[in-house]
Amino acid sequence: MMNRVTRAMATLAGLMLAGAGLTVTTAAPAAAGVEDCPEGYFCGWSNNTVTGPMWKTNKDVAYMGGWDNSIHAYVNRTNAVACLYDAAGYDTSKGSDWLEPASAEGYPYYENMNGTISSIRFVQDRHECDVPDYPSWMSSTHSPGPRDFGDMDGNGQADVISRDRAGRLWFTPGDSTGRLIGTGGWNAMNALTRHGDFTGDGHEDLIAREASTGRLWLYPGTGTGTGGLGSRTLIGTGGWNGMRNVTAYGDLTGDGRPDLIASEKSTGRLYLYPGTATGGLGTRKLIGTGGWNAMNALAGMGDTDGDGHPDLYAREASTGRLWLYPGTRTGGLGSRTLIGTGGWNTMGHLLAVGDFTGDTTPDLAAVTDDTYMIDGWLEGPGLLFAYTGRGDGRLESGRRVDDSWWGFTDVC
Ligand SMILES: [Ca+2]
Ligand SMILES: [Ca+2]
Ligand SMILES: [Ca+2]
Ligand SMILES: [Ca+2]
């Protein structure tokens, strides 16, 4: 196993790191050999002087053949992350490491490496070198009857959509498997939310805000076993960057169509945008007269207290407390109740996909961010906690159920 701590990025002038058994340097002062590596390739040499025969590849190599365990210096001039495995067949059991693409302005190469590489694979996100690049999500079958949200593929189980750092979307149906439903470009979106069927075809849909334009797009769920998305339609022509916490909510107005809520940054007001029969959004309605800038996360939970009206959870930025705002018969929000006394600011994402424990009461999941601590120690990001809904609007204590949720920039 190579030592990732020593993987300092070289400066343009060239940088020698002594004592770690590793030298990092740039192309400029190096032996001529490194410049022989063509753009788009990963290249390796069997010695530390980067002279003599050069091995190169621009695609995955499951076994290095004559170069097995013999590459001691290398450069990554591809545009992907190179996963370097100490065993053949991309097997992580003997150790693995990763190498980001060399930057355009002077590519570092690495020498004095252990010479243990047996297979190489190229990926978009270094997460994928060791584990599948989707988080492990398990949910129970909802019973009885169909779910009204949180179920893109219509199989009765809560599923999750995750965006990775490479801008791809992953669909995890709830059996710990996952598949790609967006091959790229999703980093252009600065909000992702889903809760119910906006288009009226019975399949849950995804709503996304485009960062550069402030436009709101609807991606219709296909409802198939792949949890896929159809061609998008514009449902908000602009101005949505002036809104905070854009959240698909469920049907608050009581007309059978799901609605969207968002708070206005300039005023702190909370607005409801009613879903229309044509899959768009109607004229907005004020449902919170002010103070909503104090909240840094909203979750459209569904009906947590069993009164027939969907409810809202909101996290207070200054205190890390979690509040319940019950939906009312008149399409508004009732008096709030404190349901989480603190600590919720260490969660990077609140995930409201309805009931995932199988008792029909909505639950909450949350993913820790890099400030999450246990007993004074930083535990780091990507821990998934499950909070079972009690049926009275409150939650049971959290259970840590998985540690594979790091490296994702949004989940919904
Ligand atoms: Ca499902
Ligand atoms: Ca739909
Ligand atoms: Ca509605
Ligand atoms: Ca309710």
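Which residues of strand 25 point one way and which the other way, and are they buried or exposed?

## Strand 25 and its side chains

In this predicted model, Leu364, Ala366 and Thr368 point one way from strand 25, whereas Ala365 and Val367 point the other way, and all of them are buried. The strand as a whole is accordingly described as mostly covered, with 5 of its 5 residues buried.

## Place in the sheet

Strand 25 belongs to an open sheet of 4 strands, in which the order is 24-25-28-29 and the pairing is antiparallel. Strand 24, spanning 347-351, and strand 29, spanning 399-402, each have a single partner strand and stand at the edges, so one side of each is left without a neighbour in the sheet. From one strand to the next, the twist averages 30 degrees.

## Pairing on either side

Strands of a sheet pair through backbone hydrogen bonds, in either a parallel or an antiparallel manner. Strand 24 is joined to strand 25, which comprises residues 364-368, by 4 bridges, and the two run antiparallel; within this pairing, Thr368 of strand 25 is the bridge partner of Met347.

Strand 25 is also joined by 4 bridges to strand 28, made up of residues 384-387, and these two strands likewise run antiparallel. Here Ala365, which is buried, stands opposite Ala386 in strand 28.

Note on methods
Residues are numbered from 1 along each chain as its sequence is written. Chains are lettered from A and ligands numbered from 1 in the order in which they are written. This is a predicted model: local features need pLDDT of at least 70, side-chain atom pairs count only at pLDDT 80 or more; totals for chains, interfaces and linings use all residues. Two strands pair if DSSP finds at least two bridges between them. Axes are lines fitted to C-alpha atoms, for helices over the stretch in contact, and angles run from 0 to 180 degrees between N-to-C directions. A residue is buried if 20 or more other C-beta atoms lie within 10 Å of its own, exposed if 12 or fewer, and partly exposed in between; C-beta atoms are placed from the backbone.
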